[in-house]
Amino acid sequence: MEPIIVLENVSFSYKINENSSVSVLKNASFSIFPGEYVAIIGHNGSGKSTLSKHFNGLLTPGSGDVWVHGHNTKDESKRLDIRKAVGMVFQHPDNQIVATIVEEDVAFGLENIGVPRAEMKQRIDEALDVVKMTEFRKRPPHHLSGGQKQRVAIAGVLAMQPDCIVFDESTSMLDTFGRNEVLQVMRKMNGMGMTIITVTHRMSEAAEADRIIVVEDGKIVMDGPPQEIFKHKKVLMDLQLDIPTVSQIAEIVHNEYQIFSKELIKEDELIDEVKRVSRARSGEMG
Ligand code: ADP
């Protein structure tokens with residue numbers, strides 16, 4: 001399968017002034033394949049956000065290359081194709097909303113690329129349906145909750161029909177309810193075949209992904225399925241990262257009582273395991 005995004009030895013520095021710059025990314029290489037659900041984790045300042053801005057050419061490498069569908073992000077003539085293929089959702093929902101009515105906001109990007117009226121309506125309908133915001137389409141966005149606003153922002157990106165959506169800490173400003181709403185939308189879109197990349201410092205969110213890329217000091221230090229990554233508890237702790245609460249609970253119960261698999265990482269898995277153990281116990285007693 002052809003990758004959507006390829007990073008080849010990507011290094012990047014921010015220029016501070018004429019004489020100095022700060023080196024952030026160091027020789028990062030990996031590929032993102034269609035249909036993947038990838039979480040990028042790392043402590044504050046490790047370079048996650050800088051990395052994610054390379055996925056659609058918002059930033060371009062100082063050395064090395066990023067390819068999106070085989071187009072180099074440094075190629076200005078392909079910039080629009082690249083932005084269409086890889087959409088981004090950011091941290092602050094308020095900064096992403098530009099219109100005074102929900103459906104106009106979702107239409108904004110489509111107007112910019114000249115999508116015909118009839119098709120525009122259909123794309124807006126579908127995007128609002130996916131994020132479950134259809135009933136709010138005539139409302140002003142500033143009256144919505146954080147999670148609802150973020151879902152409107154997602155609908156705007158979704159309406160552009162990208163192959164991949166990058167979420168850069170898109171749940172970090174939201175309360176638990178809003179966060180769960182956005183996570184559900186991510187899962188649903190991935191289920192529909194969309195490639196999802198999520199930058200997060202929350203291990204419970206990273207556990208939802210199929211693949212985790214760990215960034216430290218601008219370098220890729222681990223890349224694998226969550227079950228593998230979360231086995232490296234000591235390495236993660238040295239990187240000021242945690243393992244999901246569910247894994248911690250599962251490990252304690254496993255070691256103390258010899259029940260529960262040690263491998264649990266998602267909340268759903270923990271709930272299923274509790275149910276399984278309870279059923280087995282009530283069976284023994286009955
Ligand atoms: P993360 O997303 O993991 O918190 P960032 O990519 O935001 O990491 O930041 C990585 C490093 O780059 C940090 O040291 C940060 O201070 C620095 N940095 C980020 N943006 C800029 C900028 N626009 N100018 C200069 N330095 C920056």
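Student: In this predicted model, how many nonpolar, polar and charged residues make up the shell around the ligand?

Tutor: The residues that surround the ligand are Tyr 14, Val 22, Val 24, His 43, Asn 44, Gly 45, Ser 46, Gly 47, Lys 48, Ser 49 and Thr 50. Gly is counted among the polar residues in this classification, while Lys is counted as charged and Tyr and Val as nonpolar. Sorted in this way, the shell around the ligand has 3 nonpolar, 7 polar and 1 charged residues.

Student: Which element gives the most residues to the shell around the ligand?

Tutor: Two elements, β2 (21-32) and α1 (48-52), each supply at least two residues of that shell. Among the residues around the ligand are Lys 48, Ser 49 and Thr 50, and with 3 residues the element that gives the most to the shell is α1.

Student: How far does a backbone N or O atom of Gly 45 lie from an oxygen atom of the ligand, and how much of the ligand does the protein bury?

Tutor: Backbone atoms of several residues approach oxygen atoms of the ligand, including a polar backbone atom of Ser 46 at 3.2 Å and a backbone N or O atom of Ser 49 at 2.8 Å. For Gly 45, the separation between a backbone N or O atom and an oxygen atom of the ligand is 2.7 Å. Taken alone the ligand exposes 560 Å², and the part of this area that the protein buries is 59%.

Student: What geometry does the aromatic pair of Phe 12 and Tyr 14 have, and is Tyr 14 buried, partly exposed or exposed?

Tutor: The count of aromatic pairs comes to 2, and in one of them the rings of Phe 12 and Tyr 14 lie 4.9 Å apart centre to centre with 85° between the planes, which is edge-to-face. Phe 12 has a relative accessible area of 10% and is therefore buried. Tyr 14, by contrast, has a relative accessible area of 31%, so this residue counts as partly exposed.

Student: Why does the pair of Phe 30 and Phe 55 count as edge-to-face, and how many residues apart in sequence are the parts that the pair ties together?

Tutor: The ring centres of Phe 30 and Phe 55 are 6.1 Å apart and their planes stand at 75°, so the pair is edge-to-face, given that planes over 60 degrees apart fall in that class. Both Phe 30 and Phe 55 are buried. Because Phe 30 lies in strand β2 and Phe 55 in the loop between α1 and β4 (63-68), the pair ties together parts whose separation in sequence is 25 residues.

Student: Why is strand β3 described as largely enclosed, and which residue in β9 stands opposite Ile 41?

Tutor: In strand β3 (residues 37-41), 5 of the 5 residues are buried, so the strand is largely enclosed by the rest of the structure. Both faces are covered, with Tyr 37, Ala 39 and Ile 41 buried on one side and Val 38 and Ile 40 buried on the other. β3 pairs in the parallel sense with strand β8 (residues 195-199) over 4 bridges, and 4 bridges also join β3 to strand β9 (residues 211-216), again with the strands running parallel. The residue in β9 that stands opposite Ile 41 is Val 214.

Student: In which order do the 4 strands of the open sheet follow one another, and which strands lie at the edges?

Tutor: Strand β1 (residues 5-15) pairs with β2 in the antiparallel sense over 8 bridges, and within this pairing Val 6 stands opposite Ser 31 in β2. The open sheet is formed by 4 strands with antiparallel pairing, in the order β2-β1-β4-β5. Each edge strand pairs on one side only, and these strands are β2 and β5 (71-72).

Student: Glu 169 has a positive phi in a residue other than glycine; is Glu 169 buried or exposed?

Tutor: The phi of Glu 169 is near 50°, and the residue lies in the loop between β7 and α7 (176-191). Buried means under 20% relative accessible area, and because Glu 169 has 12% relative accessibility, this residue counts as buried.

Methods. Residues are numbered from 1 along each chain as its sequence is written. This is a predicted model: local features need pLDDT of at least 70, side-chain atom pairs count only at pLDDT 80 or more; totals for chains, interfaces and linings use all residues. Side-chain values use heavy atoms; hydrogens and water are left out. A residue is near a molecule or strand if one of its heavy atoms lies within 4 Å of it. A polar contact is a pair of N or O atoms within 3.5 Å; within protein, one must be able to donate a hydrogen and the other to accept it, and residues adjacent in sequence count only if both atoms are side-chain atoms. Accessible areas come from the Shrake-Rupley method with a 1.4 Å probe; for residues, only the protein chains shown count as cover. Rings of Phe, Tyr and Trp (its six-membered ring) pair if their centres lie within 6.5 Å; planes under 30 degrees apart count as stacked, over 60 as edge-to-face and the rest as tilted. Buried means under 20% relative accessible area, exposed over 50%, partly exposed in between (1.4 Å probe, protein chains only). Two strands pair if DSSP finds at least two bridges between them.
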